[in-house]
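Here are my notes for your reading, set out as numbered points. Please keep the sequence and the structure open beside them as you go.

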Amino acid sequence: MSKEFSAVRLDVRAFAQSAGHLQGQSALSAFPRLAEDAQPDAADGHGEVHWQADGELVEQTGGSGQVWLHLQADAVVPMVCQRCLTVALISLQVDRSFRFVADETTAESEDDESDEDLLVLSREFNLLELIEDELLMELPVVPRHDSCPEPVSMQSSDADFEQASEDKPNPFAVLRGLDVGKSAD
């Protein structure tokens with residue numbers, strides 16, 4: 001008989017001991033912090049997060065074994081391209097492994113010496129929050145197309161702007177004219 005696991009209340013040790021596997025897809029709206037960065041009207045079928053997680057118990061001599069969680073997730077998030085200001089579909093991929101330790105103190109003491117990411121063991125671990133955290137870290141600081149769909153003007157002003165600047169009187173010349181009128185009085 002296989003045990004049923006919940007992604008929002010995951011007993012991580014039991015999941016690892018049974019070499020558990022969870023997978024699913026969730027709407028982008030199920031990840032509120034990630035959805036905040038997305039353009040809601042531009043999703044067009046791209047608003048889903050696909051994910052899978054595998055548990056593993058790695059035996060060690062003289063111990064109870066190390067609890068591992070292997071996570072993969074991907075999503076396409078519609079964001080505003082900062083170059084052309086149109087919607088860009090930004091692909092995010094996560095493929096990470098986490099080792100779980102007994103408590104926060106152990107995590108802090110082993111963190112500097114450990115190559116892997118450490119998390120604290122829990123019986124009610126929210127896997128979806130971890131997925132959201134990892135996807136958020138993959139978001140680009142400046143979202144943009146690899147190649148914008150329309151040419152982007154790289155000018156700060158156009159000919160009409162330049163003409164308007166030339167037609168405008170120099171404010172210092174206007175002030176000079178006012179000073180001349182005052183000194184005549």
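1. In this structure, which is a predicted model, a convenient place to begin is the salt bridge that Asp117 forms with Arg96, where the closest N and O atoms are 2.0 Å apart. The two partners belong to distant parts of the chain, since Asp117 sits in strand β5 and Arg96 in strand β4, with their positions 21 residues apart. Asp117 counts as partly exposed because its relative accessibility is 28%, and Arg96 is likewise partly exposed, at 26%.

2. Arg96 has a further partner that deserves attention, for its side chain is joined to the side chain of Glu134 by a polar contact of 2.5 Å. Glu134 belongs to helix α4, which covers residues 127–138. Is Glu134 buried or exposed? With a relative accessible area of 5%, Glu134 is buried, because the cut-off for that word is under 20%. Leaving out residues up to four places away in sequence, Glu134 touches Leu71, Val94, Arg96 and Phe98.

3. It may help to step back to the whole chain here. The protein has 6 helices and 5 strands, and these follow one another along the sequence in the pattern α-β-α-β-β-β-α-β-α-α-α. Of its 185 residues, 31% count as buried, while the accessible surface comes to about 12400 Å², of which carbon and sulfur atoms account for 48%. Among the contacts with a separation of 6 or more, 61% are between residues 24 or more positions apart.

4. Returning to charged side chains, the structure holds 5 salt bridges, and one of them is formed by Arg9 and Glu124, whose closest N and O atoms are 2.6 Å apart. This pair links distant parts of the chain, with Arg9 in the segment before α1 and Glu124 in the loop between β5 and α4, 115 residues apart. Arg9 counts as exposed, because its relative accessibility is 52% and the cut-off is over 50%.

5. Another salt bridge brings together the side chains of Arg33 and Asp133, at 2.6 Å from N to O. Because Arg33 lies in helix α2 and Asp133 in helix α4, this pair ties together parts that are 100 residues apart in sequence. Arg33 is partly exposed, with a relative accessibility of 37%, and Asp133 is also partly exposed, at 30%. The pair belongs to a network of salt bridges in which Arg33, Glu132 and Asp133 are linked. As a general point, side chains of opposite charge can pair when their charged atoms come close.

6. How many aromatic pairs does a search of the whole structure find? The search finds 2, and one of these is the edge-to-face pair of Phe5 and Phe15, which lie 5.1 Å apart centre to centre with 85 degrees between the planes. Since Phe5 is in the segment before α1 (12–17) and Phe15 is in helix α1 itself, the pair ties together parts that are 10 residues apart in sequence. Phe5 counts as buried at 16% relative accessibility, and Phe15 is buried too, with a relative accessible area of 0%.

7. Phe100 and Phe125 also form an edge-to-face aromatic pair, with 5.3 Å centre to centre and 90 degrees between the planes. Phe100 lies in strand β4 (residues 87–101) and Phe125 in the loop between β5 (117–120) and α4, so this pair ties together parts that are 25 residues apart in sequence. Phe100 is buried, with a relative accessible area of 5%, and Phe125 counts as buried at 12%.

8. Gln39 is worth locating in the loop between α2 (32–37) and β2 (48–58), where it is partly exposed, with a relative accessible area of 29%. Although Gln39 and Val80 are 41 residues apart in sequence, their C-alpha atoms are 7.2 Å apart in space. Apart from its neighbours within four places in sequence, Gln39 is in contact with Pro78, Met79, Val80 and Val87.

9. Finally, please look at the surface, where Phe172, Val174, Leu175 and Leu178 form a nonpolar patch with about 420 Å² of accessible area together. Leu178 lies in helix α6 (residues 171–184), and Leu178 counts as exposed because its relative accessible area is 53%.

Conventions
Residues numbered from 1 in each chain as written. Predicted model: local features only at pLDDT ≥ 70, side-chain atom pairs only at ≥ 80, totals over all residues. Heavy atoms only, no water. Helix = DSSP H or I, 4+ residues; strand = E, 2+ residues; numbered from the N terminus. Buried < 20%, exposed > 50% of the residue type's maximum accessible area, 1.4 Å probe, protein only. Contact = heavy atoms within 4.5 Å. Areas by Shrake-Rupley, 256 points an atom, 1.4 Å probe, with all protein chains shown as cover. Polar contact = N/O pair within 3.5 Å; in protein donor to acceptor, adjacent residues only side chain to side chain. Patch = residues over 30% accessible without salt bridge, like charges linked within 9 Å, V, L, I, M, F, W, Y side chains within 5 Å. Salt bridge = Lys/Arg side-chain N within 4 Å of Asp/Glu carboxyl O. Phe/Tyr/Trp six-rings, centres within 6.5 Å; stacked < 30°, edge-to-face > 60°.
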